[in-house]
Amino acid sequence: MINSLNSTTMTLKGDKTPFLTYNVLNDIPFIRHAFSTRLGGVSKGVCESMNLAFGRGDDRETVLENYKLICSSAGFEYESLCGSVQIHEAKVQRVTKSDRGHGILKEREWQSADALITNEKDVTLVTYYADCTPLFFVDTNTHAIGLAHGGWRGTVERIAVNTVKAMEREFGTKPEDLICCIGPVIGKCCYEIDEDCANHFKAITEIDYKEILTPKDNGKYMADLALTNKLLLINAGVKEENIAVSDLCTKCNCDLLWSHRATGGSRGTMAAFMKILY
Ligand SMILES: [Zn+2]
């Protein structure tokens, strides 16, 4: 068990089943949010102990028990969970209370939804991570929310921008009213990519790639997923001072967090949770 956290942006809460929260989101009274860790669940083997993904070797009942534990610890209604369908694309799905249980307690209904948005309080958004970028969106005016998953592909395909635009279209959100949080994600300290992947980052026309890519002697690059998403959000109209980036790299903190790269892919999966209280 980890008792202290070296972070100025996030706080570790929960007793037997710990979870992370963003300090800036803790100050917003009309939402509840959490980011799970790799601790405090009942999984065994490579997924020990908190794994929230089906299909990584855990049996279904074990994963459901983990959901019950994190929901109990962080204050979410188990029946209200609505899971995304992440295929590394950039599609945004609006959900309502009719989507309660989606992908967790009942069958999936969509082929692709790397981001979820809602303005209803009876549904809890759930998205999944293990090095990829979590993106939290809170509209402080209309009380709408969103969660997005940005792997490198979703990031360069502008899922951050797509989520802002979807909230504008569906809820009348103004980008300047959004509070956004990014991470925990694999940091530029640990995220090495090859030339092919780097070319996708270079193709983001609205960003100077020298800000997000650091070339290495071996022909590869260190990429900054968090900063890429932050710059895309600023470009979409979100105020820089309203964007918080986690100071926790998943790979550097792999005793607390699942990291695909740190484990060579033998791992469980974390989840972000967020719901509207009023
Ligand atoms: Zn790192």
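His88 counts as partly exposed because 16 C-beta neighbours lie inside 10 Å of this residue, a number that falls between the 20 or more required for a buried residue and the 12 or fewer required for an exposed one. In this predicted model, His88 is found in the loop that runs between strand β4 (81-83) and strand β5 (92-94). The backbone of His88 has a positive phi of about 60°, although the residue is not a glycine.

A positive phi is also found at His143, where the angle is near 65° in a residue other than glycine. His143 lies in the loop between strand β8 (133-139) and strand β9 (145-150). With 16 C-beta neighbours inside 10 Å, His143 counts as partly exposed.

Two cis peptide bonds can be described next to these phi values. One of them joins Glu48 and Ser49, with an omega of about 0°, and Ser49 has its place in the loop between strand β3 (31-36) and helix α2 (60-74). The other leads from Gly183 to Pro184, where the peptide bond is cis and omega is near 0°. The proline of this pair, Pro184, is placed in the loop that connects strand β10 (178-182) with strand β11 (192-193).

Terms used:
Residues are numbered from 1 along each chain as its sequence is written. This is a predicted model: local features need pLDDT of at least 70, side-chain atom pairs count only at pLDDT 80 or more; totals for chains, interfaces and linings use all residues. Helices (H or I, at least four residues) and strands (E, at least two) are DSSP runs, numbered from the N terminus.
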